[in-house]
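Me: Could you take a close look with me at the inside of this protein? I would like to see what is packed there, and then what surrounds it.

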Amino acid sequence: MFAKRQSALAATAGTAPRAKDGPSLKPVVDALKKPPVAAGLAGLLLLSASALFLTVLGDPKAGTPSAHVALERDAPAPQAPAPTGFEAFSMGAMGLYQNLAGGADPAAGGDAVITLPDGGSVSGQGAPITAPVHAASPLAKAPIAGLWQPGSNGPLPMIAPDGRVPAQAYARPFRPNGKPRVSLIVGGLGLNAVTTRAAIERLPPEVTLSFVPYADNLQGWIDQARAQGHEVMLEMPMEPTGYPDNDPGPYTLLADGGTDDVTAKMDWLLSRATGYFGVTNYLGDRFAGSDTGMNAFLSVLRQRGVAFLDDGSFQRRPGAWARASADRVIDRTQSPAAIVAALNGLEAQAKLRGSALGAGFSYPVTVEAAARWTAGLEQRGLQLAPASSMSMRPGR
């Protein structure tokens with residue numbers, strides 16, 4: 001190698017130097033001939049070509065189908081005002097409750113089902129349910145001869161000439177067995193066909209059912225309840241705090257209505273159906289403070305032989321033919337855990353005092369919880385009793 005280099009130098013030693021026209025590309029060419037450089041240059045050219053392809057031709061997925069939607073956020077809908085007492089209790093709620101029930105009624109077919117929070121379901125038309133239907137233990141069909149008289153709006157309860165009274169004749173017969181007694185009233189029935197039928201069929205006959213006087217087909221519902229074995233009551237709408245914004249309906253018993261007004265409205269309310277042994281209040285904290293109104297109300301019930309069982313807000317105020325007050329409302333919080341806790345508290349109270357009376361509304365979760373709770377009462381050392389057995393004659 002050294003000999004070849006010397007020969008090249010000797011050949012050029014005596015020649016004049018050539019003029020340089022510009023920078024020589026020979027070093028660049030020689031560098032490009034090196035394999036690593038050539039490979040790197042090829043990769044660079046490939047990336048450049050790809051970038052040029054995307055720039056000129058656009059998205060390589062441009063030929064596939066696509067859709068573009070303009071999304072706009074809707075303005076929030078105005079929040080509906082809270083329902084009044086009348087809407088929650090009376091004919092103003094019929095549309096709301098019947099929509100919830102799928103439009104079902106006791107005479108028509110349908111497949112309305114309410115799914116409960118724990119995954120169970122109740123149905124008004126014979127679809128599968130989570131608890132068995134109780135066997136019927138029928139009570140006497142109403143009206144019973146001698147216990148009613150014609151009124152201007154329909155039949156009114158009365159004390160029979162032989163001394164029989166609706167408070168006893170329409171009550172479910174009960175024989176204590178010596179165990180602590182616990183009773184339960186489930187109210188608000190008659191507006192929602194699904195929960196009404198579920199309460200009638202799935203709750204034990206010893207559970208007392210309370211019906212809304214404004215309900216359609218009220219007598220039909222009461223007849224079904226008694227045919228299953230439940231004693232029943234009617235709910236009396238009474239003036240609450242906040243009336244008339246909180247309005248239980250056109251026949252609300254008013255605190256300042258006077259004796260005549262209370263008597264006239266009770267004639268309408270009590271004539272809506274027959275077969276109930278007593279009545280209970282719907283709302284009424286303001287009416288309860290009216291001596292005039294309460295005296296008129298209790299006097300009518302006493303003269304007609306009808307019991308009054310309140311939800312616990314009337315503090316066992318004496319009157320009517322027979323009286324009782326609930327020890328607690330079980331579903332102030334509408335969740336399975338809260339309702340079961342309230343029922344367990346009722347059970348503990350019965351064991352401590354010998355008896356306890358609870359009241360609740362016919363929410364689906366209440367019916368479901370009550371059906372499951374009552375199923376094991378006997379094994380836990382208690383006796384389920386109708387609410388009428390908790391009532392006492394004034395002065396006794």
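Which residues of the largest nonpolar core touch the most other members?

Reply: Happy to help! Please keep in mind that this is a predicted model, in which local features need pLDDT of at least 70 and side-chain atom pairs count only at pLDDT 80 or more, while totals for chains, interfaces and linings use all residues. Residues are numbered from 1 along each chain as its sequence is written, and side-chain values use heavy atoms, with hydrogens and water left out.

To your question: L203, L209, F211, V279, F297 and F308 touch the most other members of the largest nonpolar core, which has 62 residues. A nonpolar core here is a set of buried Ala, Val, Leu, Ile, Met, Phe, Trp, Tyr and Cys residues joined through side-chain atoms within 4.5 Å. Buried stands for under 20% relative accessible area, exposed for over 50%, and partly exposed for anything in between, with a 1.4 Å probe and protein chains only.

F211 is a good residue to zoom in on. Setting aside its neighbours within four places in sequence, F211 has contacts (heavy atoms within 4.5 Å) that include L189, T196, W221, I222, V232 and E235. Apart from this core lies another one of 21 residues, with L309, A324, A359 and M390 among them. In soluble globular proteins, nonpolar side chains tend to be buried together. Over the protein as a whole, 44% of the 396 residues count as buried. Of the contacts between residues at least 6 apart in sequence, 68% join residues at least 24 apart.

Next, the charged pairs. The whole structure has eleven salt bridges, each being a side-chain nitrogen of Lys or Arg within 4 Å of a carboxyl oxygen of Asp or Glu. In one of them, E201 meets R197 at 3.7 Å, N to O. These two are four residues apart in helix α7 (residues 193–202), so about one helical turn separates them. Helices (H or I, at least four residues) and strands (E, at least two) are DSSP runs, numbered from the N terminus. R197 is buried at 13% relative accessible area, while E201 is partly exposed at 22%.

A further salt bridge joins R286 and E239, whose closest N and O atoms are 3.0 Å apart. R286 sits in the loop between β8 (276–283) and α10 (291–304), and E239 in the loop between β7 (232–238) and α9 (258–270), so the pair ties together parts that are 47 residues apart in sequence. R286 is partly exposed at 44%, whereas E239 is buried at 3%.

R323 and D310 also form a salt bridge, at 2.9 Å from N to O. R323 belongs to strand β10 (residues 323–325) and D310 to strand β9 (residues 307–310), so this pair links parts 13 residues apart in sequence. Both R323 and D310 are buried. Elsewhere, R202, E368 and R372 are joined into one network by salt bridges that share partners.

Finally, the open space. The largest pocket holds about 790 Å³. A pocket is an open set of points, on a 1 Å grid over the protein atoms alone, with protein on both sides within 12 Å along at least five of seven lines, and lining residues have an atom within 4 Å of a point. Points are joined across faces, edges and corners, and the volume is the space filled by probe spheres set on them. Of the 30 lining residues, Y282, V329, G360, F361 and Y363 lie nearest the pocket's centre. The elements giving two or more residues to this lining are α5 (94–100), β5 (181–189), β8, β12 (355–361) and α12 (364–374).

Technical notes. On a 1 Å grid over the protein atoms alone, a cavity is a set of points where a 1.4 Å probe fits but cannot get out, and a pocket is an open set with protein on both sides within 12 Å along at least five of seven lines; lining residues have an atom within 4 Å of a point.
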